[in-house]
Structure formats: C-alpha cells, structure tokens
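Me: I have a two-chain model open and would like to understand the terms people use for it. Could you go through them with me?

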Amino acid sequence: MNRMLTGRNGKLKILLWIKRRLNILKLIMPLLIISLILFFKHNDVYIYTLIAGLSIMIVNIIFPVIGDIVDKILIMIINVFRIIITLFFTIIIQGIIFPIIKIVSLIFGKRFLILKFKEKKETYYINKPDIIDDINEPY
Amino acid sequence: MKKNKIIGISAFYHDSAVCLINDKTVIACLQEERFSRKKHDNSFPIKSLNILREQFALNDNDISAIVFYEKPILKMERILSNLIEISPKGMEFAFKSIPLTVNRKIFVSEYIRKHIKGDYSIYYVPHHISHAASAFLPSEFEEAAFMINDGVGEWESSSYGICNHENITLTHGVHYPHSLGLLYSAFTYFCGFRVNSGEYKLMGLAPYGKPKYKDIILKNIIDYKEDGSYRLNLKYFDFHYGSRMCGKSMEKLLKLKIRKPENDITNEYADLASSVQSVIEEILITMAIHIRKDTGMKNLVMGGGVALNCTANSKIIEQSGFENVFIQPASGDAGGALGSALYVSHYVNKKKLSKIQQFSYLGTEYGNEQIKYILDEGGFKYYKLDNPALKAAQLISQGNILGWFQGRMEYGPRALGSRSILGDPRDKEMQRKMNLSIKFRESFRPFAPSIMLDHVNEYFSGDYHTPYMLTVASLKKKHRLKNQHITHNFNVLSEKIADIPAVIHADFSSRIQTVSKEQNPLYYQLIDEFRKITGVPLIINTSFNVRGQPIVENPKHALTTFLNTKMDYLIIGDFLLFNNEQNVNREKWKIENLIMD
C-alpha cells in the first residue's frame, strides 16, 4: 500500500497527481472564472456559452493527452503544437461554435455589432449610466 | 519609506508607455518605442520600467499602485463579440486575435506582477476615461467637457462627458466598429500609407487636393446626426474581419484603385485625402458644438489619437464656441499611461498634483559628462561650445541642417526642441533637402516651424499659443508670394509661395509650435539668436529620426542617426560635431544595429 502511494523521492504519489492536475487547472481556471464573471456581470448568454465551450474543449482535448506529463514536457508540447492547436481551435470556434451562437442570437433578435446603416433615429450615441466603473476590476 | 509612487501603463495595442508620479508631480513619462527602437511598439514596457529604475531612482517597494490604461476583459468581450458577429468569416483574423486576446487580455495582472515586484494595488481605468484624465488634469481647468475620439478603446471609439475635480463622467459614446479613427485609417490605407503611423501623411496630403469625394463619402460611407454621432457603412470596410482596412467594394464605389506604397501619388489621392479630412472636420465640429450645448461647459479638453489631427483641432477651436480648449499632446495610447496614473492619484488618493504637463519634457536626460564619455569612447571628433544656442543659430542661418539634442526628451509624438533636426525656413530647397536626404520621406510634406511666442502675430493670423504643435495657423498675407491656395501641384513648396516656404503648406497653413522662455529657455534663445541674425523669429523643427524610426532617445541614437544622414552638424549637450570630420567606423554605427541593443 505504502509503495503504491509513495514515489521515488518519497513524496506521496497522490500529491504528485494533484499537483499535475493543478497545473492543468491553471490553464482552465482563468477561462472558467472569466465565464462566471461575465455571466454574473453581463448576464450575456453568448459570451458565457463561448467561454464554457472553450473550457470544455480544453479539458476534453488536452487533459487526457497530457494529464500525466510533467511540467516541462507539457510546456514543450504546447509550444510545439501551439500553432496546430490554435488553428484547430480557430476552425472549431470561428467555423462552428461562433456561427451557432450567432444563429441563436439572431433567433432572439440580438445583433452584436453590425447595425443598419442610416437608421431613422435621432442619435447614434449610446448613453452610459452615470456611474464610475469599478477600477479595481479588469472588466 | 513611504509608498507614494504610482505607475501608469499602456500596452498591448500600440504605443506602449509608462508614467511615474508621486504625491506632488509627474516624475517621468516614457514611451517604449524610444528604447526598443520599434516604432509604435506595443509590447509590455519592460525597457521603460528599467529606465525608471536606473535613471529615476524607482524602487519597486515604493510603488503603491499600478494602473493599467484600459479594462482588458471588456476589450476581450468586444473582440470576441466581433468574432461571433463576423463568423464563419474572418478565420485569419480569428487565428491571429484569439491567442493574442487570451494571452494579453486575461493575464495583464500576471504581466504586471511578473515584471514589477512589491506590494501594490492594481487598477484598471477605462480607456476613454484614461484619455479624458490625461487631457483634463493637466489642463488646470476647474471643470470641462471632454471629447475623446480614437480608433477604439474597450467599446467606445468616440465619447463625451464632464470632468471636474470630483469625478470624470462619461455620458455618451459611439461604439466599435463605428469609428472616426478607423475611418481615417481606412483612407490612409487606401492612399497607400501605413495604418497607425501614416495618418499624418494623409493629413499632409489633404491641402493638395479638392474635396471631390466628400459627397460620395457622406452619402455612402458614413452617416452622422445633428449631435455628431455617426455610423459607418461596414459594407465598405474590411477591418473588422480581415487584415486589410478596406477592399474592392471601396474601390468600386470611389472608382479608384487602392494605391500601392511604391506608386506615385496622383491628384485623385490628394482629392480623396482632402475629402476625408473635410468629412472628419465636419463631424468633429458638429460633435463639439453639440457637446457644448449639451454639457453647458465653457472649457473643452480633447484626447484620443484623432486629437493629433491639427487641422481639425484648429477648426474645432475656431468654430465650436468653447472659450478654452486643451488638447493632450500625447493624445494617442501613450497618453493613456499618464491619464490612468493621474486618475488614481487625483480621484482615488485625492492628491492634487502640480506642474503636470511640464511642456511635455517628461523623458530622459543626459548630462555633458555622459555625452563626453560616449563621444570619447566612440572616437568622435568634437568641439566644446560656450554658447550652443548662438552657434546653432549661426549654423542654421548659413543654410546648414543641424541635429539638436538637449535636455529632457519629449513625451508624445512631436519633437518640441529637445530631440529635433533644425533648418532655415527661408530656404526654398530646405524642405526638399531635409525630406529626401535627412528624413528619407515623401517630398510633398512641409515641415513645422518653432516660432517665438512673442513674435507669432507678425507671421500668423489669430492669437496663438500652441507649445505642443497641435494646431495649424494661417500665414499672414504680407508674407505670401502667391495669392491662391494651390492644389494638384506637389512641387508647390519649391515654387516659393511665401517668404518662409519650407514651413508653409499649399493652403498657406503651418503647424506651428510657439516657444516661450518659460517653456524651454535654451531653445528660445536659439530662435532669438536666429532672429537677430536673419530678422526671422522662427526655424524649421522636425523630429530627430529617419523614416520608420522612433525619435532618438539617447546620445548613441543621435550619433547613429547623424552619421547615417546628410545632416551637416550635430550639437549634443555642449558639444559640436561636423559630419564630414568624423573618422569613425560607420559600419558600427548603422541604424539597424540600434534595434539589437
């Protein structure tokens, strides 16, 4: 039992296992945190869906492949495959996920940016609430 | 020791910069490009931070706050929203922007903590509020309306609101992708100039043309309301999903091809420049008039990259009805570092700083001992001067081109007499010679003059006090040798249309810098000595750099630029150098080598 739990340097294998998972979590946590922040702050289902989708993809693709690899090898693999991974993500995100979000948003009648040219309205200004944004936060 | 230092940082878009302030004043503002030698460098300003530590005695443990000039997650939200909107198009755009967005927007605090040690708070001031603070707090107004126009911040590309000493309140904005800055950049691209750096070339080209395309632009490309708010017709733009600013649809509408940089500039492009300049001016004036009426303010402060359009600035000052106008000289993103730091100092820490702008001489300085050491080490032949200003005036009046390196470096895009190349404005060949042999840039562009403040009315109409070269003035008729605005003639300046032809544009305008004793005593003395010799109280002042290079920052940069151009003389500190006397290994002093330092 002891041999099963203890590694060569005497540390408990379970701790090493947790440490490695924490390294992976470091990658995922910012995305998860941001998704939560955006969800509660902006209540914007599209952004939330996007970030959640990104997080799930990273978990599904990266986790099984590199879950047992030590830090340096992990960084090396990420560096070597960065372009491929980015390209893959780009195709998935820009070609599949974003169009789905866009379609959903159009169904609910919301457009993000591309607005009609020459609208018959008095102003194109967007009024801002009379408050100072919280400068302690990056959003 | 008391922790009383605040650092403002702008980074990751263009023109990265840092600003260091304490409880009393601004200690230094530094632009990363000046040290990295990459023009408009947008990387995290590590080199500037190191200079703060080395030259301005910054100890990381004295820092109480670091302020970033925008809200990175809000900016990321805008970028992602844009990607959703353009999907499934924009694959190339997404490929470039997603990794950058994730790396640079999410991990801003990690970048900061990695490069600056110590126990401090991190703040994020909204982009346009940073611009507003950078314009309002140095203005010394008690209250003012602000008008900010740039490419884009987090979401806002244009905004206005009210500043006072209690608060800065942004009340109205126009959101990306609708943007006057991006409209101007799109036409900069169309005319064959580089986006984010060639906008001033478009402005310089405009007086040569007639606004023949103005109606087409207003009918098809931009729609604006009576309050100055506007919307772009995105059908004619590519910037929101591609690497180009505009494409074939714009060519089809204008019946004109996008100019390749190597091709000649024809009259059509001058007409196009004139047209878009006219459109921008019209909208900005409308916006400013509305802001005055809506806010009821007498004072206006301006910032954002569009506020570097000096022709538009002059018209806003003349026509908007505001009693006083202040424009931040570093109104591009570099100024965000100053604005964000000032915001936290003034509104969070409640410290009222004095002498904030300091005529924009907020950069590094090198003493005679340091300069002498570099000259000796490099094997340069030089002469010690007792009166550098007098010698400089004599050399300029004899038709020589002079490099002038003195005092603290300027913060912002303009050389204001610290890192300048100077010449005689009376010489009709000077403009061509300086453009082609020194600056290696287009020959149609005139230079700006530095004129003694107490003599400005002798040459230019209006009551001008423009120490930052942010407005244009019209040459008085008695100094004109021709009567009419001359268009479609790119050689107009060699025709001698005025008695100071090298600094006068085809429409008799000039982007003047007024110089007072209080502002820069040595530079004022130089111009005064030139006046005593020639009777003319102004000289040509252009930035000390060559095309594609940032302004020189240290003596080594100055010497390298001096050796690689046909500049006749260099006065650096109290030392005079003749270009034709230098027997140094010029291979070692190549401009390309500076980037490797």
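Reply: Happy to. Two strands pair if DSSP finds at least two bridges between them. Please keep in mind that this is a predicted model.

Me: What makes β21(B) and β22(B) a hairpin?

Reply: Pairing needs at least two bridges, and 4 bridges join β21(B) to β22(B), which run antiparallel. One of these bridges has Ile572(B) with Phe575(B) as its partner. The two strands have 2 residues between them, and Gly573(B) in that turn shows a positive phi of about 60°.

Me: How do you know that β13(B) and β22(B) pair?

Reply: The rule asks for at least two bridges, and β13(B) makes 2 bridges with β22(B), in the antiparallel sense. Tyr383(B) faces Leu576(B), while Lys384(B) has Phe575(B) as its bridge partner. So the pair meets the rule of at least two bridges.

Me: Why are β13(B) and β19(B) called edge strands?

Reply: Each of them pairs on one side only. The open sheet they belong to has 8 strands, in the order β13-β22-β21-β14-β15-β20-β16-β19 of chain B, with mixed pairing.

Me: What shows that helices pack on this sheet, and which strands do they touch?

Reply: Contact here means heavy atoms within 4.5 Å. Helix α14(B), residues 368-378, lies across β21(B) and β22(B) and runs at about 30° to β22(B). Helix α16(B), residues 430-438, touches β15(B) and β20(B), and its direction makes about 135° with that of β15(B).

Me: Chain B has an open sheet of 5 strands as well. What makes β3(B) and β5(B) its edges?

Reply: The order is β3-β2-β1-β4-β5, again with mixed pairing. β3(B) and β5(B) each have a single partner strand, so one side of each lacks a neighbour in the sheet. From one strand to the next, the twist averages 15°. Within the sheet, β1(B) and β2(B) pair antiparallel over 5 bridges, with Ile9(B) opposite Val18(B). Helix α2(B), residues 46-55, packs against β1, β2 and β3 of chain B, at about 145° to the direction of β3(B). Helix α5(B), residues 108-115, touches β4(B) and β5(B), and its direction makes about 140° with that of β5(B).

Me: How do you know that a strand of chain A pairs with one of chain B?

Reply: The same rule of at least two bridges is used. β1(A), residues 126-127, and β8(B), residues 168-175, have 2 bridges between them and run antiparallel. In this pairing Asn127(A) stands opposite His172(B).

Me: What is the size of the interface between the chains, by area and by residues?

Reply: Interface size is often given as the accessible area lost when the parts come together. Here about 4800 Å² is buried between chain B and chain A, with carbon and sulfur atoms giving 68% of that. Chain B contributes 64 residues to the contact and chain A 47. Ile84(B), Glu85(B) and Arg231(B) supply 18% of the area that chain B buries, more than any other three residues.

Me: How many salt bridges and polar contacts cross it?

Reply: A salt bridge would need a Lys or Arg side-chain nitrogen within 4 Å of an Asp or Glu carboxyl oxygen, and the rule finds 0 across this interface. It does find 11 residue pairs in polar contact, both at pLDDT 80 or more. On the side of chain B that touches chain A, helix α3(B) gives the largest share, 12 residues. By class, that side has 37 nonpolar, 17 polar and 10 charged residues.

Notes. Residues numbered from 1 in each chain as written. Chains lettered and ligands numbered in written order. Predicted model: local features only at pLDDT ≥ 70, side-chain atom pairs only at ≥ 80, totals over all residues. Heavy atoms only, no water. Axes fitted to C-alpha atoms, helices over the stretch in contact; angles between N-to-C directions. Buried area = accessible area lost by both parts, 1.4 Å probe. Polar contact = N/O pair within 3.5 Å; in protein donor to acceptor, adjacent residues only side chain to side chain. Nonpolar A, V, L, I, M, F, W, Y, C, P; charged D, E, K, R; others polar.
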